[in-house]
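This report walks through a single protein chain, going from its overall plan to the details of a few side chains. Please keep the sequence and the structure in view while reading.

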Amino acid sequence: MPTGPNAEPRKVTLVDGGPVLVEGPIELEMPDGTVARSDRFMVALCACRRSKRYPFCDTSHRKRVRN
């Protein structure tokens, strides 16, 4: 995958009340220095920290009851 000034930008979509969708594949460096990787063409990143697969979304945000 090309990098640098001539590389195509990745599309990132913020889903209201849901995950952050990123065109993949991705490599994500976590605060503790570990690296999470995904080769999928679209990756859902957890924005609510409820996911058992964090940093990847498992749709746990859907279980929250809204008033």
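## Overall plan

The chain has 5 strands and 0 helices, so that, read along the sequence, its pattern is β-β-β-β-β. The reader should keep in mind that this is a predicted model, and that the values given below are computed from it.

Of the 67 residues of the chain, 27% count as buried. The accessible surface comes to about 5500 Å², and 50% of that surface belongs to carbon and sulfur atoms. If one takes the contacts between residues at least 6 apart in sequence, 19% of them join residues at least 24 apart.

## How the strands pair

Strand E1, which covers residues 12-14, pairs with E2 in the antiparallel sense over 3 bridges. Within this pairing, Thr13 has Leu21 of E2 as its bridge partner. The hairpin formed by E1 and E2 has 5 residues between the strands, and in this hairpin Gly17 takes a positive phi near 75°.

E2 also pairs with E5, again in the antiparallel sense, and here the pairing runs over 4 bridges. Two of the residue pairs can be followed in the structure: Val20 stands opposite Leu45 in E5, and Val22 has Val43 in E5 as its bridge partner.

## Two faces of a strand

Which side chains of E2 are buried, and which point to the other face? Along this strand the side chains alternate, with Val20 and Val22 pointing to one face and being buried, while Leu21 and Glu23 point to the other face and are not buried.

An alternation is also found along E5, where Val43 and Leu45 point to one face and are buried, whereas Met42 and Ala44 point to the other and are not. The buried residues of the two strands are the ones named in the pairing above, with Val20 opposite Leu45 and Val22 partnered with Val43.

## The nonpolar core

In soluble globular proteins, nonpolar side chains tend to be buried together. In this model the largest nonpolar core has 7 residues, namely Val20, Val22, Ile26, Ala36, Val43, Leu45 and Phe56. The elements that give two or more residues to this core are strand E2, residues 20-23, and strand E5, residues 42-45.

Phe56 is a useful member of the core to examine, and its neighbours within four places in sequence are left aside here. Among the residues in contact with Phe56 are the core members Ile26, Ala36, Val43 and Leu45. The list of its contacts also includes Arg37, Ser38, Ala44, Cys46 and Ser51.

## Two buried serines

Ser51 lies in the segment after E5, and since its relative accessible area is 9%, below the cut-off of 20%, Ser51 counts as buried. Leaving aside neighbours within four places in sequence, Ser51 is in contact with Cys46, Phe56, Cys57, Asp58 and Ser60. The side chain of Ser51 reaches the backbone nitrogen of Arg53 at 2.9 Å, and the backbone nitrogen of Tyr54 lies 3.4 Å from a polar atom of that side chain of Ser51. Ser51 and His61 are 10 residues apart in sequence, and their C-alpha atoms are 7.6 Å apart in space.

Ser60 is likewise placed in the segment after E5, and it is buried, with a relative accessible area of 8%. The side chains of Ser60 and Asp58 are joined by a polar contact of 2.5 Å. When neighbours within four places in sequence are left aside, the contacts of Ser60 are Arg50, Ser51 and Lys52.

## A salt bridge between two strands

How many salt bridges does the count give? The count comes to 1, and in it the side chains of Glu27 and Arg37 meet at 3.1 Å, N to O. Because Glu27 lies in strand E3, residues 26-29, and Arg37 lies in strand E4, residues 35-38, the pair ties together parts that are 10 residues apart in sequence.

Are these two residues buried or exposed? Glu27 counts as exposed because its relative accessibility is 56%, and Arg37 counts as exposed because its relative accessibility is 57%, the cut-off for this class being over 50%.

Conventions: Residues are numbered from 1 along each chain as its sequence is written. This is a predicted model: local features need pLDDT of at least 70, side-chain atom pairs count only at pLDDT 80 or more; totals for chains, interfaces and linings use all residues. Side-chain values use heavy atoms; hydrogens and water are left out. A nonpolar core is a set of buried Ala, Val, Leu, Ile, Met, Phe, Trp, Tyr and Cys residues joined through side-chain atoms within 4.5 Å. Buried means under 20% relative accessible area, exposed over 50%, partly exposed in between (1.4 Å probe, protein chains only). Contact means heavy atoms within 4.5 Å. A polar contact is a pair of N or O atoms within 3.5 Å; within protein, one must be able to donate a hydrogen and the other to accept it, and residues adjacent in sequence count only if both atoms are side-chain atoms. Two strands pair if DSSP finds at least two bridges between them. A salt bridge is a side-chain nitrogen of Lys or Arg within 4 Å of a carboxyl oxygen of Asp or Glu. Accessible areas come from the Shrake-Rupley method with a 1.4 Å probe; for residues, only the protein chains shown count as cover.
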